[in-house]
Amino acid sequence: MTGGPNEVWSYGEEAYGILQDHLLLRERLRPYLTQLSEDAHRTGAPPMRPLLFDFPDDEHAWTVDDQFLLGPDLLVAPVYEAGARTRRVYLPSGARWLDPATGRVTEGGTTLEADAPLERVPVFVREGADIAPLLH
């Protein structure tokens, strides 16, 4: 192996498998990300945005500062606490949300405790969005 100390293979076997899965996910999401870029160019809508951007009528969405939407259909809840394997996630009201890891659909306006194993960032897909199959 060659390259700098920050290449995906330089963090060990366990990390390599996780990072490889994330890189493959990024490739599966490429059409969605391309569309978000085109929308940003055309309308000015940011690809990465606060929950309130798409849910302005949800007062609680205005207070969430540790999650974000990637476009209108993908809610991302990064884990900020070292060693944490769960985290609280608020799902905005006005939509139902699919957890692609479990297949469970939850009504918006709900806060839940999401699993956050080392190999997966908690993400939720707006029900009916075309990107759900890409996340598997």
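The expected span of a helix is 1.5 Å times one less than its number of residues. That rule gives a handy first check on this model, which is a predicted one. Helix α2 covers residues 30–43, and at 1.5 Å a residue its 14 residues should span 20 Å; the C-alpha atoms at its two ends are 20 Å apart, so expectation and model agree. Right after α2 comes Gly44, with a positive phi of about 90°.

Stepping back to the whole chain, there are three helices and eight strands to keep track of. Read from the N terminus, the elements go α-α-β-α-β-β-β-β-β-β-β. The C-alpha trace spans about 50 × 35 × 25 Å along its principal axes. Of the 136 residues in the chain, 34% are buried. The chain exposes about 8400 Å², and carbon and sulfur atoms supply 54% of that area. As for how the chain meets itself, take the contacts with a separation of 6 or more: residues 24 or more positions apart account for 48% of them.

Now for the empty space. Rolling a probe the size of a water molecule over the atoms shows where such space is left. The largest pocket comes out at a volume of about 560 Å³. It is lined by 21 residues, and the ones closest to its centre are His22, Leu25, Arg120, Val121 and Val123. Three elements give two or more residues each to this lining, namely α1 (13–28), β2 (68–70) and β3 (74–76). Helix α1 has the largest share, with five residues. Sorted by class, the lining of the largest pocket holds 13 nonpolar, two polar and six charged residues.

The second largest pocket holds about 170 Å³ of space. Its lining includes Asp99, Thr102, Arg104 and Thr106, along with Leu112, Glu113, Ala114 and Asp115. Arg120, Pro122, Val123 and Phe124 line this pocket too. Strands β7 (110–115) and β8 (123–126) each supply at least two of the lining residues. The largest share here, four residues, belongs to β7. By class, the lining of the second largest pocket is made up of five nonpolar, two polar and five charged residues. Two names turn up again at this point: Arg120 and Val123 line the second largest pocket and are also among the residues closest to the centre of the largest one.

Thr106, one of the residues lining the second largest pocket, is worth a closer look. Thr106 sits in strand β6, which runs over residues 105–107. Is Thr106 buried or exposed? Its relative accessibility is 16%, and buried means under 20%, so Thr106 counts as buried. Setting aside neighbours within four places in sequence, Thr106 is in contact with Leu91, Arg96, Trp97 and Leu112. Of these partners, Leu112 also appears in the lining of the second largest pocket.

Val64 offers a view from a loop, the one between α3 (51–54) and β2. With a relative accessibility of 13%, Val64 counts as buried, too. Which residues does Val64 touch, not counting those up to four places away in sequence? They are Leu51 and Tyr90. Finally, Val64 and Val76 lie twelve residues apart along the chain, and their C-alpha atoms are separated by 12 Å.

Note on methods. Residues are numbered from 1 along each chain as its sequence is written. This is a predicted model: local features need pLDDT of at least 70, side-chain atom pairs count only at pLDDT 80 or more; totals for chains, interfaces and linings use all residues. Side-chain values use heavy atoms; hydrogens and water are left out. On a 1 Å grid over the protein atoms alone, a cavity is a set of points where a 1.4 Å probe fits but cannot get out, and a pocket is an open set with protein on both sides within 12 Å along at least five of seven lines; lining residues have an atom within 4 Å of a point. Grid points are joined across faces, edges and corners, and a volume is the space filled by probe spheres set on the points. Ala, Val, Leu, Ile, Met, Phe, Trp, Tyr, Cys and Pro count as nonpolar, Asp, Glu, Lys and Arg as charged, and the others, Gly among them, as polar. Buried means under 20% relative accessible area, exposed over 50%, partly exposed in between (1.4 Å probe, protein chains only). Contact means heavy atoms within 4.5 Å. Accessible areas come from the Shrake-Rupley method with a 1.4 Å probe; for residues, only the protein chains shown count as cover.
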